[in-house]
Amino acid sequence: MLQSDNLIKKIFVVVSLFLFHNLVYGVDINDALKYLEENSLNIKTITRVVDEQGLTIWNANMSKITISGKSVKVKLQGVNILVITDITPYIRYDNTILLVSQGEVWIGSSESDEMNHYSTIKSLPVSMGESALFFPLGVIKAVDRKIYNIELEIQVNPNNRDSGE
Amino acid sequence: MCFDGQTLSAFLDNELESSKYLIVKEHLQSCSDCQKTIDLLQSVSSQVKLANNQVESFTKETVWTRLSHSTSPGRGLDFWHRAFIISPTLMISLSFLFIAILGASLFFSIFNDSSSFPFSNNADLSFESEKYPLEIPVDNVEKVLAYFNIHDEPLEFYMQLPGPSDFVIQGEPLFLKKTDYVAER
Amino acid sequence: MDVGEDQSYTFKEVYDAVFPVLYKVVYHIIREKTIAEDLCQEAFIRYYNKRIPLPSINESRYWLIRVAKNLAFNYRKRKVRETNAVDKLKQEGVKVQPDTQDNILKEETITVVKKAVDNLPVKYRTVLILKEYGELNYKEIAKILHISENNVKIRIYRARVLLEKKLNRDDLHVF
């Protein structure tokens, strides 16, 4: 009996919070949020650590919903490195995307006591669903020793529930 | 229970879900107020439609003819044909000039960022949304702006990279389409 | 006329499918036949020169209407600065046939309606033209204008309300 009482209480609290939220903030906010949601974009990134042979030894996926002009940050922390990539999609009237990638790299050596800071900004026009690759550290040139590199694959899609026409 | 004007307007346009459509239709049979609204909206719609013009098929043909002239490849051929007849030397020297410019820009691009191809369109890299902004329907601007201000959080994703080896800067950062990168390799 | 998802379609097919609605929409924004032809031509030229092809005739239709609508409104903005819009309407003129009373009243109604639609705020005018002349449904209008269907519904309703106020100020023959 006590358990079902608690459950009812929980449901009551959730429902009244929801109603309260609606009452306080009103229909306006919900309408605005719903509108933004219908115009939002889904940014998917796949971060890969790749060796000099081109083999992926590690990867991590991320997906975030944003709107045109609002950036998404990917922070990658390693033993000697911090890579911060700021990705901003801009949707154009013909439904193509201008992708702007700003990269910051804090890098040092575990042996020395020095640290460098690099920064870059790049932009690239892409279509919806087309993959772009961002190499914050550049691309590997020498293949005679073991080196690891970081690459970010970025894809922008409209945030629609219905995929049909 | 009466319906709001927007719903009635959508009913008129046949844009309601079938279940809702039936509910409204039934309600109209007994509600004179809603029926009056529908009549008013219908009258406005009919008056607007009165000013509709028929697109003469002749207009369509006219514009198509003009279009075919400005976009057909034949036109390009005509140009070369004429130039050759008028002055072969001019055409040859123009071609050499063109090749020289192309060669020079390729030469310089080797020293610059390898991702910039000659003749790249810089207009592709700019953006203004003022022509096509997001138009958000609200009644109380101040309230919504205050809400957005409070709830504006940065969208971040944090991940730890695998150790133990040090990462090293390999070269200039690169940003390109995956298809272009794969092709290069 | 829903043409569905096609993998390959020709420029002529797009032209045939889209020109009628495009011309109607542009004409009702600027009300000049010759310029409407020019702007439609311009829109199709831009479409022809697009580097990235669109996946279907429907997507092409939305793209073309979007571009043509913007061209038309930009033209109108420039033109309104130059000439008096009301005078332009009188010049454009509908031919008045000197016969029945009904016909004369109808022509007058058309002129008044055109003027009322012209004076609507741009965002209401746009959806109204797309709906009543372009004969597009809410979903299509939403895709063209990059707004939600709900927003389309609200704007069309508000446009009609505003028009009703303007039109009922004058004594009109209601059909």
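Leu133(A) stands opposite Leu176(B), a residue of strand β2 of chain B, and this pair is a good place to begin reading the predicted model. The strands concerned are β7(A), residues 132-135, and β2(B), which run antiparallel and are joined by 4 bridges. Around this pairing, the contact between the two chains takes 40 residues from chain B and 61 residues from chain A.

**The side of chain B that touches chain A**

- Four elements of chain B each give two or more residues to the side that touches chain A, namely α7 (141-150), β1 (155-160), β2 (174-177) and α8 (178-184).
- The largest share of that side comes from β1(B), which gives 6 residues.
- Sorted by kind, the residues on the side of chain B that touches chain A divide into 25 nonpolar, 7 polar and 8 charged.

**Strands within chain A**

- Strand β7(A) also has a partner in its own chain, since β7(A) and β8(A) pair in the antiparallel sense over 3 bridges.
- Leu133(A), which was met above opposite Leu176(B), also stands opposite Glu153(A) in β8(A).
- Strand β8(A), residues 148-158, is in turn joined by 11 bridges to strand β1(A), residues 41-51, and these two strands run antiparallel.
- Within that pairing, the bridge partner of Leu41(A) in β8(A) is Pro158(A).
- As background for looking at these strands, the side chains of a regular strand alternate between the two faces of the sheet.

**A buried residue in chain A**

- Leu99(A) has its place in strand β5 of chain A, which covers residues 97-108.
- Is Leu99(A) buried or exposed? With 23 other C-beta atoms within 10 Å, Leu99(A) is buried, because the cut-off for a buried residue is 20 or more.
- If residues up to four places away in sequence are not counted, Leu99(A) touches Ile87(A), Pro89(A), Ser123(A), Leu124(A), Val126(A), Ala132(A), Ile154(A) and Val156(A).
- One of these residues, Pro89(A), lies 10 residues from Leu99(A) along the chain, and the C-alpha atoms of the two are separated by 4.7 Å.

**Chain B as a whole**

- Chain B has 8 helices and 2 strands, and when it is read along the sequence these follow the pattern α-α-α-α-α-α-α-β-β-α.
- Of the 185 residues of chain B, 10% count as buried.
- Among the contacts in chain B with a separation of 6 or more, 47% are accounted for by residues 24 or more positions apart.

**Two crossing helices in chain B**

- The axes of helix α1(B), residues 5-12, and helix α3(B), residues 32-50, come within 10 Å and cross at roughly 55°.
- The two helices α1(B) and α3(B) are therefore oblique to each other, and their crossing is right-handed.
- On the side of α1(B) the contact is made by Gly5(B), Leu8(B), Ser9(B) and Leu12(B), while α3(B) brings Cys34(B), Thr37(B), Ile38(B), Leu41(B), Gln42(B) and Ser45(B).
- The residues of this contact between α1(B) and α3(B) divide into 5 nonpolar, 5 polar and no charged.

**The contact of chain C with chain A**

- Chain C also touches chain A, in a contact that takes 8 residues from chain C and 8 residues from chain A.
- The largest share of the side of chain C that touches chain A, 3 residues, comes from helix α3(C), which spans residues 57-82.
- The residues on that side of chain C divide into 2 nonpolar, 4 polar and 2 charged.

Key:
Residues are numbered from 1 along each chain as its sequence is written. Chains are lettered from A and ligands numbered from 1 in the order in which they are written. This is a predicted model: local features need pLDDT of at least 70, side-chain atom pairs count only at pLDDT 80 or more; totals for chains, interfaces and linings use all residues. Two residues are in contact if their C-beta atoms, placed from the backbone, lie within 7 Å. Ala, Val, Leu, Ile, Met, Phe, Trp, Tyr, Cys and Pro count as nonpolar, Asp, Glu, Lys and Arg as charged, and the others, Gly among them, as polar. Two strands pair if DSSP finds at least two bridges between them. Axes are lines fitted to C-alpha atoms, for helices over the stretch in contact, and angles run from 0 to 180 degrees between N-to-C directions. Angles under 35 degrees count as roughly parallel, over 145 as roughly antiparallel, 65 to 115 as roughly perpendicular and the rest as oblique. A crossing is left-handed if the near helix is turned anticlockwise from the far one by less than a right angle, and right-handed if clockwise. A residue is buried if 20 or more other C-beta atoms lie within 10 Å of its own, exposed if 12 or fewer, and partly exposed in between; C-beta atoms are placed from the backbone.
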